[in-house]
Amino acid sequence: MSLSDNVRDYLFPKAASAVADRYDAFFMEIFWISVVIFFICMIPMVYFLFRYHRSISPEDQTPKITHHNTLEAVWTIIPTFIVIYIFAASLDAYFDMMVPPKNAYEIKVKGMKWNWQVEYPNGATELNHLVVPNDRRIKIVLTSIDVLHSFFLPHFRVKMDAVPNYYSHVWFHPRTEGEYDIYCTEYCGTNHSAMLAKMDRRQYCT
């Protein structure tokens, strides 16, 4: 297991969908870019702190500081390309998240104080319990009947707001059977912390 895998396993719950792996890999790219930039900035700063440290008197004048055009161009151009790359990769991941496959299995989820109501294509409903079929892409259509909620499946890296009088959606492709936690990540009132639900992935679902 690589260092990146160890860091990812420490920061996130185990990935349970293909898109989760993609998001995790992108997060680790940004993480290591940040680590490299941190040391590029901090090591010279600490060196200069000790190398040029000296006591001064009130009569000392600040030396004239001149421009270094090459250095200024480098620290402007390189970060610009890094930001452009992060933006482009983020936009691609965002579009992938927001455009569900045409054959996705659609389930309606309605947020309310302080429960999640699930409605399946056959009209059956459940409270705080979502069951998804095995080996199918899942589209979750979200709304709320009272205040703003936020539907969050940590193991799938899926999070989307449930807004009153508005329909939003998100999709994912589960790859492992089991039971997973669903949270509300938008403060919605007194019992917000108790707005919990479970998602089951099973071989059969009607």
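In this predicted model, the side chains of His149 and Asp146 are joined by a polar contact of 2.8 Å. His149 belongs to strand E6, which comprises residues 149–153. The relative accessible area of His149 is 0%, and this residue is therefore classed as buried, a term applied under 20%.

An open sheet is built from five strands, arranged in the order E3-E2-E1-E5-E8 with mixed pairing. The edges of this sheet are occupied by strand E3 (125–127) and strand E8 (168–172). Each of these two has a single partner strand, so one side of each remains without a neighbour in the sheet. On average, neighbouring strands of the sheet are turned by 25° against each other, direction ignored. Within the sheet, strand E1 (residues 105–112) and strand E2 (residues 115–119) run antiparallel and are joined by five bridges. Lys108 stands opposite Glu119, a residue of E2.

A nonpolar patch on the surface is formed by Met45, Val46, Leu49 and Phe50. Together, these four residues present about 440 Å² of accessible area. Leu49, one of the residues of the patch, is located in helix H2, which spans residues 18–51. The relative accessibility of Leu49 is 56%; because the exposed class begins over 50%, Leu49 counts as exposed. His149 in strand E6, by contrast, is buried.

Note on methods
Residues numbered from 1 in each chain as written. Predicted model: local features only at pLDDT ≥ 70, side-chain atom pairs only at ≥ 80, totals over all residues. Heavy atoms only, no water. Patch = residues over 30% accessible without salt bridge, like charges linked within 9 Å, V, L, I, M, F, W, Y side chains within 5 Å. Areas by Shrake-Rupley, 256 points an atom, 1.4 Å probe, with all protein chains shown as cover. Salt bridge = Lys/Arg side-chain N within 4 Å of Asp/Glu carboxyl O. Helix = DSSP H or I, 4+ residues; strand = E, 2+ residues; numbered from the N terminus. Buried < 20%, exposed > 50% of the residue type's maximum accessible area, 1.4 Å probe, protein only. Pairing = 2+ DSSP bridges. Axes fitted to C-alpha atoms, helices over the stretch in contact; angles between N-to-C directions. Polar contact = N/O pair within 3.5 Å; in protein donor to acceptor, adjacent residues only side chain to side chain.
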